[in-house]
Amino acid sequence: MWGAASAAYQIEGAWREDGKGPSIWDDFARIDGKTFEGTNGDVAVDHYHLFLEDVALMKKMGLKAYRFSVAWSRIIPDGDGEINPLGLDFYEKLVDALIENNIEPVLTLYHWDLPASLQERYGGWESRKTIDAFVKYCRALYERLGNKVQYWVTMNEQNVFIPLGYRWAAHPPAVTDLKRMYAANHIVNLANAAAIKLFRELVPQGKIGPSYGYGPIYPLTADPSDVLAAENAEAFNNEWWLSVYCTGKYPKFVMKQLKNLGIAPEVSPEDEVLLQSVRPDFLGINYYHGGTVKTNRLEKKDDTEKQFSKTDPYLMQPKSQQALTPETPMFNGVENPYLTKTDWGWEIDPVGFRIALRRIQSRYDLPIFITENGLGAADLLTPDKHIHDSYRIAYLEEHLLELEKAITDGVEIIGYCAWSFTDLLSWLNGYKKRYGFVYVDRDEHDEKNLARIPKDSFYWYQKIIATNGELLQEAES
């Protein structure tokens with residue numbers, strides 16, 4: 001299924017219309033200095049009012065699938081109270097429009113926009129009450145849309161929103177506490193399992209799974225100490241999250257390190273039963289880049305690390321905190337000398353896409369749905385209203401060729417949803433960082449007319465879909 005993706009907060013706008021309650025992002029974006037030039041999702045790209053226009057463009061492109069998220073506080077304004085019928089109506093209209101145009105709806109239940117009331121009253125994902133609230137929210141959607149939506153995503157990039165929210169304070173709730181981070185992460189794991197368990201009862205014919213931001217870890221050299229560091233980093237950065245999703249168990253190696261530091265989550269016998277009672281139907285994979293590591297800082301001090309690691313979260317911590325981080329004795333993250341970067345400093349690694357898919361298929365033996373992959377860039381609208389984004393076409397083409405190779409390797413792929421369909425509000429980078437196939441004419445300071453303008457990549461992807469990828473083979477030859 002050739003598709004594209006989005007997220008509610010980043011596109012919908014209408015932040016207080018038709019009964020919607022505020023989310024943690026509606027509040028967080030109003031804190032000075034947290035987002036680029038104070039941008040917020042009050043209007044975003046106004047998909048709430050323009051969704052029929054957007055779906056018409058999807059049909060024109062030939063899209064086979066569209067992944068979108070539901071704003072929890074649009075369904076239950078305070079998170080766990082009365083259900084808002086107008087919120088359910090909006091998403092049913094969107095789903096109906098997609099189905100009428102032969103586009104498979106792929107619904108994401110949670111893409112970071114927790115109802116603000118749950119954060120204020122319970123502490124958000126630090127409370128087990130939020131699990132019950134999430135299940136109530138899921139039930140409302142399962143009962144309303146379960147007979148129309150085949151593919152459901154539970155959590156989007158738990159490995160991103162938990163550390164950024166509870167460790168680095170770059171996302172709400174802006175906490176810097178490792179113990180609280182691991183405790184909140186455990187609550188999200190339980191909510192994910194509870195959502196899947198209820199899904200099995202109410203939508204037995206559907207497919208459900210989490211969406212995970214995966215990046216393979218490489219050793220910097222063939223030095224066995226670097227290889228061991230890569231094993232440690234793969235366990236810490238990937239297996240810690242994926243093992244719970246796929247086996248219901250926390251990996252012993254990482255859990256032992258966390259216990260030694262006194263920051264491991266408390267897992268009750270009842271928790272273990274819930275986590276092990278479910279298994280996803282597929283894994284959603286968001287792929288952008290991986291990471292490279294070498295021997296840990298304790299065993300091998302890197303005198304040059306400050307030259308290229310000015311944004312390394314480890315180095316941004318006080319020295320007293322650096323000594324307590326789990327990574328310190330396990331690995332040392334470094335730049336990969338063989339890769340180029342995007343304008344925002346993300347490594348570009350198409351071959352890593354194939355490696356990632358091979359590893360996941362081998363370890364967890366689940367079908368894979370590519371739920372995100374794309375290039376953020378500062379696109380230029382020409383005076384004659386065109387966007388010549390050849391760099392995005394090149395990026396996607398290289399990644400799709402590696403996806404094709406992964407399929408020939410035996411990896412089972414359900415579909416591919418590029419990020420994103422239209423331009424949208426970047427969580428922290430405003431509208432300057434654009435990902436879409438469709439340009440939206442607005443910037444940080446002026447909503448302008450929100451005109452939708454297909455980019456060159458729109459017409460390129462249209463041809464990819466029409467030929468089911470055969471155009472890629474022509475490009476390779």
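This is a short talk on one protein chain, moving from its overall build to a few local features.

Before anything else, please keep in mind that what you see is a predicted model, and that the values I quote were computed from it.

Let me begin with the chain as a whole. The protein chain has 477 residues, and its radius of gyration is 22 Å, which agrees with the value near 23 Å that a compact globule of this length would have. If you take the principal axes as a frame, the C-alpha atoms fill a box of roughly 60 × 55 × 45 Å. Within that box there are 18 helices and 15 strands. Buried residues account for 59% of the 477 residues, and the chain exposes about 19,100 Å², of which carbon and sulfur atoms supply 51%. As for how the chain meets itself, if we consider contacts between residues at least 6 apart in sequence, 76% of them join residues at least 24 apart.

From there I would like to turn to the strands, and to β5 in particular, which spans residues 207–213. Is this strand largely enclosed or open? Of its 7 residues, 6 are buried, so β5 is largely enclosed by the rest of the structure. Two pairings of β5 are worth following on the model. With strand β4, residues 151–156, β5 pairs in the parallel sense over 4 bridges, and here tryptophan 152 has isoleucine 208 of β5 as its bridge partner. With strand β7, residues 283–286, the pairing of β5 is again parallel, over 3 bridges, and in this case glycine 213 is matched with asparagine 286 of β7.

Next, a helix. Helix α17 covers residues 456–466, and its buried residues are Ser457, Phe458, Trp460, Tyr461, Ile464 and Ile465. Why do we say that these residues lie on the same side of α17? The reason is that they cover an arc of only 165° around the axis. In general terms, an α-helix has 3.6 residues a turn, so residues three or four places apart point the same way. Following α17 we come to asparagine 468, whose phi is positive, near 50°.

Positive phi values bring me to the loops, where there are two further residues to point out. Alanine 174, in the loop between α8 and α9, is not a glycine and yet has a positive phi of about 60°; with a relative accessible area of 33%, alanine 174 is partly exposed. Leucine 450, which sits in the loop between β14 and β15, likewise has a positive phi, near 55°, but leucine 450 counts as buried, at 11% relative accessibility.

The loop that holds alanine 174 also contains proline 173, and a cis peptide bond joins proline 172 to proline 173, with omega about 10°. A cis peptide bond is also found between tryptophan 419 and serine 420, where omega is about 10°, and serine 420 is placed in the loop between β13 and β14.

Two more loop residues deserve a moment, since their surroundings can be traced on the model. Aspartate 113 lies between β3 and α6, and is buried, with a relative accessibility of 3%. Which residues does aspartate 113 touch, once neighbours within four places in sequence are left aside? The contacts are Ala8, Tyr9, Ser23, Ile24, Trp25, Val70, Ala71 and Trp72. Threonine 295, in the loop between β8 and α13, is also buried, at 6% relative accessible area, and, not counting residues up to four places away, threonine 295 touches Ser225, Asp226, Ala229, Lys300 and Asn332.

Finally, the cysteines. How many disulfides does a search of the whole structure find? The search finds 0. Cysteine 138 is in no disulfide, and the nearest cysteine sulfur, that of cysteine 246, is 18 Å away; a disulfide would need the two sulfur atoms within 2.5 Å. Cysteine 417 is likewise in no disulfide, the nearest cysteine sulfur again being that of cysteine 246, at 19 Å. As to whether these two residues are buried or exposed, cysteine 138 counts as buried, at 0% relative accessibility, and cysteine 417 is buried too, with a relative accessible area of 0%.

Note on methods:
Residues are numbered from 1 along each chain as its sequence is written. This is a predicted model: local features need pLDDT of at least 70, side-chain atom pairs count only at pLDDT 80 or more; totals for chains, interfaces and linings use all residues. Side-chain values use heavy atoms; hydrogens and water are left out. Buried means under 20% relative accessible area, exposed over 50%, partly exposed in between (1.4 Å probe, protein chains only). The arc is that of the directions from the helix axis to the C-beta atoms. Contact means heavy atoms within 4.5 Å. The radius of gyration is taken over C-alpha atoms; the globule rule is 2.2 Å times the number of residues to the power 0.38. Accessible areas come from the Shrake-Rupley method with a 1.4 Å probe; for residues, only the protein chains shown count as cover. Two strands pair if DSSP finds at least two bridges between them.
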